Amino acid sequence: MDPVLARVPSPGPALFEDGFGPRRLVLGTSGEQFEALTLRDQLTATPVVEAALRERVERLAEFQSEHFARVRSIERAGKSMPRLILVSDHMPGARLSKILATAEAHLLPVEMNAALCLLRQLVHAIAVLHDKAPDCCHGAIGPERLIVTSHARLVVADYVLGSAIEQLRYSNKQYWQDLRVPLPRSFGMPHLDRRTDITQVGATALALVLGRPLREDEYPAQISEMTAAALALSADGALEPLPLPFRVWLQRALQIDSKTPFSSAPEAWAELDRVLHYSDPIAEIEALKVFMSRYHAAVGVADSMPASASHPVATTPVPPPAQPPRPVTVAVPSMPAQTAPAQTPMPTANHASPAVPTASVPHASTTAATASPQSPAPAKPSSGAVSTGFWDTKQPAAETPAPPPPQPVEQVRQSVSAGRPLSRLKLAAAAALLIGVTSAITLGALRYMAAPVAADGMGTLVVQTNPSGASVEIDGQAHGMTPLSLDLSPGRHTLKLANEGNVRSMPITIVAGGQVSQLIELPRAASLLGELQVRTEPAGAQVKVDGHAYGRSPLTVEGLAPGAHSVVLENDLGSITQDVKIEAGTTASLVVPLGAPKNAPVSGWIAVNAPTPLQIFEEGRLLGSSQSDRIMVSVGRHELLLVNEGIGYSQAQVVNVTPGRVTPIKPRWPNGTMSFNATPWAEVWIDGQQVGETPLGNVSVPAGPHEVLFRHPELGEKRVRTVVTLSEPAKVSVDLRQK
């Protein structure tokens, strides 16, 4: 984009501020409103950050979608010390981070339907970005960069920051603490790609389920446990465990299951659409509107919606804030007249009913609260059914209307709707009573909706697999596909599961009148294609693979057939051609320096083969990672240091690199020790190899990550992932009696 002059007066109150900097209203040359993000000086101190940001803004100049606040320009404004400013369309609405913080502070419950409405829109929006810009990622998805409008619509902001913040070279911890940018775990320097977006979507989804922001100490250390124990608020006010398919989706998005993570947003969107097949989009939208009405009643519409008069949101006057944001005048390049972007279809009812005027919001909130009271005990279902969709396909409808909620709970709801705060004592008492009533409802529902009693003298077997759809054989007879529940005669049986060529057998014992549940993780079929990750120094080189242009580095080229491929990298300094070999189901890496002058020494490559990813240093400078297919270095003798801080490994290695050839490096790999225990007892398998029965001590295994399987003939099996270090023995203990 062409440079544009900007006039910035003294700073006024910010609309919103996060780790990237404050956002303020600015006026364009035609009087239109824009939002200006003034990036913090410490983020732009390195010139390469600004260069990467300008390159990404230029590349996505034509990208526009109803799901995104369009970026207009990147400016330098100010007199003595010009500041870097990102100018985008102003979207009236509330930041999701503020919504979740307010919900936690004001005890506003986030119903799962409302959370799903926002999650559907978010995953679909990122899928649109990945589809229209395959070589780009957002890189900074989080509640701070998401806006919820008064029409229950989610808008994604700041979608050009990814390539810029990657140049900061922060650690994963610093990205999270300083910028609230969650990144997947990785060895070496973080690399932001489409998988990063999926991880950030998963973190946002978990925050929506919890109904509050994720805290600084929770990511990533506690994410796995939080996902496993998460409860969601159903439409009838009960706290219920997440359904297994949705929990698995969340784990794959957060990359808790490192074997089956989503590789892109379109894949995550397709799976989410399948998981939520029976959910009701209309009910989700209505639930979100009811929640937003309660949110606006709690914080005040004027405080949360700083829109101009051209976007009315209320039919009654609203008192202005004490210090309204002062518009800043910035000349934005005039854009040619364009038609509105095509509406990308969403399999939700997101475009259904129009927005409700704000004047009717408190009344709608109170009505919704009193029209859906919680009963102290579940009523006996009739033959009819009411579709809730998320937890099951059909749920029995109550024969009689439920009694009104307890008085303290209703008092809280009416007070929130009317904007009158309660005393701390009353609020605490009402919250305690609400928790007690909800717990009683949940306990009664679980007792009533327990698994059906098997026929006299029979027991029940429930089998679930991930992924589902595995064929089930019991004692050699086929019984269908998972998930499956069936009655069996008491005694010992042999359960056999088959899925995509993988077969697993295990003994089970059925007790008359009892129930045995099995949740089995099955391996997925390996991909027939591979990927290539390309990085250059400096960044921004044009990448062509087999003559097809894929964009500018750094990028990841997906869907490559196994075999040899020719890669051409071009920039202002010249071009270079590299041959790479792609293997099915793996990601090859190519790191190429392009700044070498003429008559530079001829280069060669090194390739490090190790069971655990290693960082490769030379004279204190990071050359790359063993995860790269090969790393280009100058010809001659090199003294390298191979390091993995996580397991305490460090080894010096001397190699001689010959021109145009790959020099393989295979370091000697040390062993660590492991100890195992299980209650009551179990067979122990490490990475698919049986090592004995518990208790076991001082088992020697290679240092690094391992998967441990504990198997009991009656209590089933449990998998644990652990990392063996060289500093101390790894101890793994499980209780198979706990499900």
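The questions and answers below cover the cavities, two sheets and nonpolar cores of a predicted model.

User: How many cavities of 30 Å³ or more does a search of the whole structure find?

Analyst: Rolling a probe the size of a water molecule over the atoms shows where empty space is left. With a cut-off of 30 Å³ or more, the search of the whole structure gives a count of 6 cavities.

User: Which residues lie closest to the centre of the largest cavity?

Analyst: The largest cavity holds about 150 Å³ of space. Its lining is made up of 16 residues. Those closest to the centre are Asp135, Leu192, Asp193, Pro554 and Leu555.

User: Which elements give two or more residues to the lining of the largest cavity?

Analyst: The lining of the largest cavity is mixed in character, with 6 nonpolar, 4 polar and 6 charged residues. One helix and one strand each give two or more residues to this lining. They are helix H4 (162-166) and strand S24 (555-560).

User: In the open sheet with the order S23-S22-S25-S26, which strands stand at the edges?

Analyst: This sheet has 4 strands with antiparallel pairing. Two of the strands have a single partner each, so one side of each is left without a neighbour in the sheet. The edge strands are S23 (548-552) and S26 (574-582).

User: Which residue in S25 stands opposite Gln542?

Analyst: Strand S22 spans residues 542-545, and strand S25 spans residues 563-571. The two pair in the antiparallel sense over 4 bridges. Opposite Gln542 in S25 stands Glu570.

User: What is the average twist from one strand to the next in the sheet S30-S29-S32-S33?

Analyst: This open sheet also has 4 strands and antiparallel pairing. Its edge strands, S30 (621-625) and S33 (649-657), pair on one side only. From one strand to the next, the twist averages 30°.

User: Which residue in S30 is the bridge partner of Phe617?

Analyst: Strand S29 covers residues 615-618 and pairs with S30 in the antiparallel sense. The pairing runs over 4 bridges. In S30, the partner of Phe617 is Leu622.

User: Which helix gives the largest share of the largest nonpolar core?

Analyst: The largest nonpolar core has 90 residues. Phe20, Leu53, Ile165, Leu179, Phe246 and Trp249 touch the most other members. The largest share, 13 residues, comes from helix H3 (residues 112-132).

User: How many residues are in the second, separate core?

Analyst: This second core is separate from the largest one. Among its members are Val534, Val557, Ile582 and Leu590. Its size is 18 residues.

Conventions. Residues are numbered from 1 along each chain as its sequence is written. This is a predicted model: local features need pLDDT of at least 70, side-chain atom pairs count only at pLDDT 80 or more; totals for chains, interfaces and linings use all residues. Side-chain values use heavy atoms; hydrogens and water are left out. On a 1 Å grid over the protein atoms alone, a cavity is a set of points where a 1.4 Å probe fits but cannot get out, and a pocket is an open set with protein on both sides within 12 Å along at least five of seven lines; lining residues have an atom within 4 Å of a point. Grid points are joined across faces, edges and corners, and a volume is the space filled by probe spheres set on the points. Ala, Val, Leu, Ile, Met, Phe, Trp, Tyr, Cys and Pro count as nonpolar, Asp, Glu, Lys and Arg as charged, and the others, Gly among them, as polar. Two strands pair if DSSP finds at least two bridges between them. Axes are lines fitted to C-alpha atoms, for helices over the stretch in contact, and angles run from 0 to 180 degrees between N-to-C directions. A nonpolar core is a set of buried Ala, Val, Leu, Ile, Met, Phe, Trp, Tyr and Cys residues joined through side-chain atoms within 4.5 Å. Buried means under 20% relative accessible area, exposed over 50%, partly exposed in between (1.4 Å probe, protein chains only).
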